[in-house]
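Visitor: I would like a close look at one part of this protein. Please take me through the pocket, and then through the contacts between charged side chains.

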Amino acid sequence: MIKRVLPYEGLLHEVVEHHGVLYIGGIVPEDTSLDMSGQANDVLGQLAQLLKTLGSDLSNVLQVTIYMTSLKEKADFNAAWKAHFAEAHLPARAAIGVADLGPGVKLEITAIAARQ
């Protein structure tokens, strides 16, 4: 059975679940005035909160795709990443450089996680 939750503007569902696997759509920072470190903490905090409401947590994240407008800021992102994920629970990930994510948006992430 496929479960879809959190519809957004008739374009998508923020989360689609199938057989206990959570497919999480794009998460962007709520405060686009922040630098990369701040936006990364914002986005990863949103992911943690969303997982909590779905009965999971960051230790169950399987894969993350990170879209960044400047790969030169990857080190700042990585510092925030390490603050949110325990080394024993690091997911697979990819960082992809993109031209534009919207005004002030430095990154967007998608994730796949297991439900606990």
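Guide: Here is the pocket, followed by the salt bridges. Keep in mind that this is a predicted model.

Start with the largest pocket. Its volume is about 300 Å³. Its lining is made up of Tyr-8, Leu-12, Glu-14, Gly-25, Gly-26, Ile-27, Val-28, Gln-46, Leu-50 and Glu-108. Three elements each give two or more residues to this lining: E2, strand E3 (21–27) and helix H1 (36–53). E3 provides the largest share, three residues. By character, the lining has five nonpolar, three polar and two charged residues.

Now the salt bridges. The whole structure holds two. One joins Glu-17 to Arg-115, with 2.5 Å between the closest N and O atoms. Glu-17 sits in strand E2 (residues 12–18), while Arg-115 sits in the segment after strand E6 (107–114), so this pair ties together parts 98 residues apart in sequence. Strand E2 thus appears here as well as in the pocket lining. Glu-17 is buried, because its relative accessible area of 13% is under 20%. Arg-115 is partly exposed, at 30%.

The other salt bridge links the side chains of Glu-73 and Lys-106, at 3.5 Å from N to O. Glu-73 lies in the loop between strand E4 (61–68) and helix H2 (74–84), and Lys-106 in the loop between strand E5 (92–97) and E6, so the pair ties together parts 33 residues apart in sequence. Lys-106 is partly exposed, with a relative accessible area of 24%.

Notes:
Residues numbered from 1 in each chain as written. Predicted model: local features only at pLDDT ≥ 70, side-chain atom pairs only at ≥ 80, totals over all residues. Heavy atoms only, no water. Salt bridge = Lys/Arg side-chain N within 4 Å of Asp/Glu carboxyl O. Helix = DSSP H or I, 4+ residues; strand = E, 2+ residues; numbered from the N terminus. Buried < 20%, exposed > 50% of the residue type's maximum accessible area, 1.4 Å probe, protein only. 1 Å grid on protein atoms, 1.4 Å probe; cavity = no way out; pocket = protein on both sides within 12 Å on 5 of 7 lines; lining within 4 Å. Points joined across faces, edges and corners; volume = space filled by probe spheres on them. Nonpolar A, V, L, I, M, F, W, Y, C, P; charged D, E, K, R; others polar.
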